[in-house]
Amino acid sequence: MASSSFSSSSDSMKPRYVCIVGVARTPMGDFLGSLSSLSATKLGSIAIQSALKRANVDPSLVQEVFFGNVFFANLGQAPARQAALGAGIPNSVICTTINKVCSSGMKAAMLAAQTIQVGINDIVVAGGMESISNAPKYIAAARRGSGLGHHAIIDGMIKDGLWDVYNDFGMGVCAEICTDQYSITREEQDVMPSRAMSVEFLHRMVVFFPGK
């Protein structure tokens, strides 16, 4: 590219600012509690619909959806698209399900913001959805036939989300390792949840607009 052309186009290459214009979330339910009758995709639809309404954005204006989901066994194909369609977003809109374990919703928000920054999209929906109560248990060996003897029932909640496959221990152990390694006190841990809840886009459904 010639230097003059590069100079004239440099402004258009600058990343755009991103604005969060609507947020919503469902209540936090107990394990097997009052929300356990609702699938993760249904909870996601409710959050998306509410956030769009609060932002005064028509669902038909949404250009892309990024939605985090870890426990997607037994939800059916493409959970993000299910949640989007349930919120009235057209089936022509691109939807992507993100599985990055605990960071799934945050990664969805990052990807949504990046598409606006580089000028691909103007209006994007991002967030995350889970229903641990509905994470199934399954018999892993059943596909090959029962045969003789007992078969173990696998807890999908632990196997697919709460277990570190690299070190073969629960994710809670990872938290303990971090507190010891970085000298994080119990008091500091107690403060963190309230700080996290005050950050509007953390684990929430978010509608993004390009900033001015």
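This is a short talk on the fold, cores and a few individual residues of one predicted protein model.

Okay, let's get going. Remember as we go that what you have on screen is a predicted model. The protein has 212 residues, and 32% of them count as buried. On the secondary structure side, we have 7 helices and 9 strands. If you take the contacts between residues at least 6 apart in sequence, 72% of them join residues at least 24 apart. As for the surface, the protein exposes about 13,400 Å², and carbon and sulfur atoms account for 56% of that.

Now, the inside. In soluble globular proteins, nonpolar side chains tend to be buried together. Here, the largest nonpolar core has 19 residues. Which of them touch the most other members? Those would be Ile48, Leu52, Val62, Val65, Phe67, Ile89 and Val125. Three elements, α2 (40–55), β2 (64–68) and α3 (79–86), each put in at least two residues. And α2 is the top contributor to this core, with 4 residues. There's another core as well, lying apart from that one: it has 7 residues, including Phe66, Ile98, Ala108 and Ile116.

Let's stay with α2 for a moment and look at how it sits against α3. The two helix axes come within 7 Å and cross at roughly 45°. That angle is why we call α2 oblique to α3, rather than roughly parallel or roughly perpendicular. The crossing of α2 past α3 is right-handed. So who's actually at the contact? On the α2 side, you have Thr41, Gly44, Ser45 and Ile48, and they meet Pro79, Gln82, Ala83, Ala84 and Gly86 of α3. Ile48 should sound familiar, since it was on the list of core residues with the most contacts to other members.

Next up, the loop after α2. Pro59 sits there, between α2 and β2. Is Pro59 buried, exposed or partly exposed? Its relative accessibility is 22%, and the cut-off for buried is under 20%, so Pro59 comes out as partly exposed. Setting aside residues up to four places away in sequence, Pro59 touches Leu52, Ala87, Gly88, Ile89 and Pro90. Two of those names, Leu52 and Ile89, belong to the largest core. There's also a long-range pairing here: Pro59 and Val125 are 66 residues apart along the chain, yet their C-alpha atoms are separated by 9.7 Å.

Moving along to the loop between β2 and α3, that's where you find Phe71. With a relative accessible area of 10%, Phe71 is buried. What does Phe71 touch, once you leave out residues up to four places away? Quite a list: Glu130, Ile132, Ala135, Gly156, Met157, Asp160, Gly161 and Leu162. Ile158 is worth a mention too, as its C-alpha is 9.8 Å from that of Phe71, with their positions 87 residues apart in sequence.

Then Ser104, in helix α4, which covers residues 104–117. A serine, but buried: the relative accessibility of Ser104 is 2%, so it falls well inside the under-20% cut-off. Apart from neighbours within four places in sequence, Ser104 is in contact with Gly68, Asn69, Val70, Ile98 and Asn99. You've met Ile98 already, as a member of the 7-residue core.

Down in helix α6, residues 171–181, there's Thr179. Thr179 counts as buried because its relative accessibility is 12%. Beyond residues up to four places away, Thr179 touches Ile184 and Gln189.

Last topic, the backbone. Most residues other than glycine have a negative phi. Which residues go the other way? Leu32 is one, with a positive phi of about 60°. You'll find Leu32 in the loop between β1 (18–24) and α2. Ser183 is another, with a positive phi of about 55°, and it lies in the loop between α6 and α7 (186–198). Buried or exposed? Leu32 has a relative accessibility of 57%, so it counts as exposed. Ser183 is at 57% too, so Ser183 counts as exposed as well.

That's my tour, so over to you for questions.

Note on methods: Residues numbered from 1 in each chain as written. Predicted model: local features only at pLDDT ≥ 70, side-chain atom pairs only at ≥ 80, totals over all residues. Heavy atoms only, no water. Core = buried A, V, L, I, M, F, W, Y, C linked by side-chain atoms within 4.5 Å. Buried < 20%, exposed > 50% of the residue type's maximum accessible area, 1.4 Å probe, protein only. Contact = heavy atoms within 4.5 Å. Areas by Shrake-Rupley, 256 points an atom, 1.4 Å probe, with all protein chains shown as cover. Axes fitted to C-alpha atoms, helices over the stretch in contact; angles between N-to-C directions. Parallel < 35°, antiparallel > 145°, perpendicular 65-115°, else oblique. Left-handed = near helix turned anticlockwise from the far one by under 90°.
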